[in-house]
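Biologist: Before I plan anything, I would like to go through this model with you. Please show it first, and then we can take the questions in turn.

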Amino acid sequence: MLTNCDLERRVDTSDEWITSRTGIKERRIAADGEFTSTFATRAATRALEMAGVTAEEIDLIIVATVTPDFPFPATACLVQNNLKASRAAAFDVSAACSGFLYGISITEKMIATGSIRKGLVIGAEVLSRIVDWSDRNTCCLFGDGAGAVVVGSGDDGTGILSTHIHSDGSYWELLHQPACGNRTPASQKVVDDRLAHIRMQGNDVFKLAVRAMDDVAHEALHANGLTLADLDLLIPHQANRRIIDAIGKRLGLPEEKVFVNVHKYGNTSAASIPIALDEANRTGALQPGNLVLFDAFGGGLTWGAVLVRW
Ligand code: UT7
């Protein structure tokens, strides 16, 4: 665990600044020997246990991540091997903080078309290894972690009602990792110029995030003939408490209908919604029969929403 006070010793910042600007108090950091696949496998194992499903029943594994163990093979293949999910096809999705919702959307469509019966969707990140620990603008924001869900089909009226995913690549530079893709391969210059780390124009991202998450929330409800009054819980991507509060306010939702845990984990990108979902479920914030909306925004730019009857 890394607290704001720990960060005060690394860069010119303060617990007061981080708390008031982001709501974040602490974040989890992977230990040496822990990788994205380690967390993804752990989360997947717990999801399978909770669902009462065996690894052999899984047809598809998607890992949503921007911090894969390797450029290739996909982290999802490493997870497939760890789980011994011998029947599953496996691949990664790169849609930054919206990746988990992209993964849900793909899986739901593949189930609907009859291509698969059960899928495992995992959001997992070790962002601490691409954070620039000398950049106070970004190093206080991010954390490591993973969450996972098993997606299947049922006929009791619960489940995924609809998925909505969007992107606008014209804003790609607002949030990106400049090097270590083939445009700028790894080199001594990349290390010296700190190009293998997250770069973000936070203020611009902030404004676009609030607008897009607001729009896509309305889109999801409208597509199902529902209104904000029908919603029991909003689980937004946990990037910044101020973004979450702004969206809650724009949607006119009372505080108790907006799930927040960013203070404990920071922004875990693709992992943030499944981590929050698990916590909401285990703490009872989410009850059977509730209408819950997942709402995300991230680099790409990408954004999306998934509406679920829990
Ligand atoms: O996961 C999806 C993508 N990411 C996000 O959604 C994040 C979106 N953006 C944000 O959360 C916010 O923009 C930040 C938290 C990153 C920054 O908050 P802000 O209110 O937009 O601050 P700012 O960028 O306008 O910076 C204000 C000042 C600057 O100083 P000057 O230039 O006004 O003198 C920064 O240098 O705050 C300074 N600053 C800091 N000061 C102390 C930036 N980081 C820090 C820091 N400690 N850690």
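Modeller: A polar contact here is a pair of N or O atoms within 3.5 Å, and within protein one must be able to donate a hydrogen and the other to accept it. Keep in mind that this is a predicted model.

Biologist: With which side chains does the side chain of Thr163 make a polar contact?
Modeller: Thr163 lies in strand E7, residues 159-167. Its side chain pairs with that of Lys109 at 2.9 Å. At 2.8 Å there is also a polar contact with the side chain of Ser105. The partners are therefore, given the 3.5 Å cut-off, Lys109 and Ser105.

Biologist: Is Thr163 buried or exposed?
Modeller: Leaving aside neighbours within four places in sequence, Thr163 is in contact with Ile104, Ser105, Glu108, Lys109, Ala305 and Val306. Buried means a relative accessible area under 20%. Thr163 has 12%, so it is buried.

Biologist: Which side chains have a polar atom paired with the ligand, and what is the distance for Arg21?
Modeller: For Trp17, an N or O atom of the side chain is 3.4 Å from a nitrogen atom of the ligand. Asn203 has a side-chain N or O atom 2.8 Å from a ligand oxygen. For Arg21, the distance from a polar side-chain atom to an oxygen atom of the ligand is 2.7 Å.

Biologist: How much of the ligand's accessible area does the protein cover?
Modeller: On its own, the ligand has 960 Å² of accessible area. The part of this covered by the protein is 74%.

Biologist: Which helix gives the most residues to the shell around the ligand?
Modeller: The elements that give two or more residues are H2 (15-22), H6 (136-139), H8 (202-223) and H9 (241-251). The largest contribution, four residues, comes from helix H8.

Biologist: How many residues of the shell are charged?
Modeller: The ligand is surrounded by 23 residues, with Thr13, Arg21, His237, Asn240 and Asn267 the closest. Of the shell residues, 11 are nonpolar and eight are polar. The charged ones number four.

Biologist: Where does the ligand lie with respect to domain 1 and domain 2?
Modeller: Domain 1 covers 2-156 and domain 2 covers 160-309. Both give residues to the shell, so the ligand lies between domain 1 and domain 2.

Biologist: What is the relative accessible area of Asn261?
Modeller: Asn261 sits in the loop between H9 and helix H10 (262-265). Not counting residues up to four places away in sequence, Asn261 touches Gln238, Ile275, Ala276 and Glu279. Asn261 is buried, and its relative accessible area is 2%.

Key. Residues are numbered from 1 along each chain as its sequence is written. This is a predicted model: local features need pLDDT of at least 70, side-chain atom pairs count only at pLDDT 80 or more; totals for chains, interfaces and linings use all residues. Side-chain values use heavy atoms; hydrogens and water are left out. A residue is near a molecule or strand if one of its heavy atoms lies within 4 Å of it. Accessible areas come from the Shrake-Rupley method with a 1.4 Å probe; for residues, only the protein chains shown count as cover. Ala, Val, Leu, Ile, Met, Phe, Trp, Tyr, Cys and Pro count as nonpolar, Asp, Glu, Lys and Arg as charged, and the others, Gly among them, as polar. Domain bounds come from an automatic or database domain assignment. Buried means under 20% relative accessible area, exposed over 50%, partly exposed in between (1.4 Å probe, protein chains only). Contact means heavy atoms within 4.5 Å.
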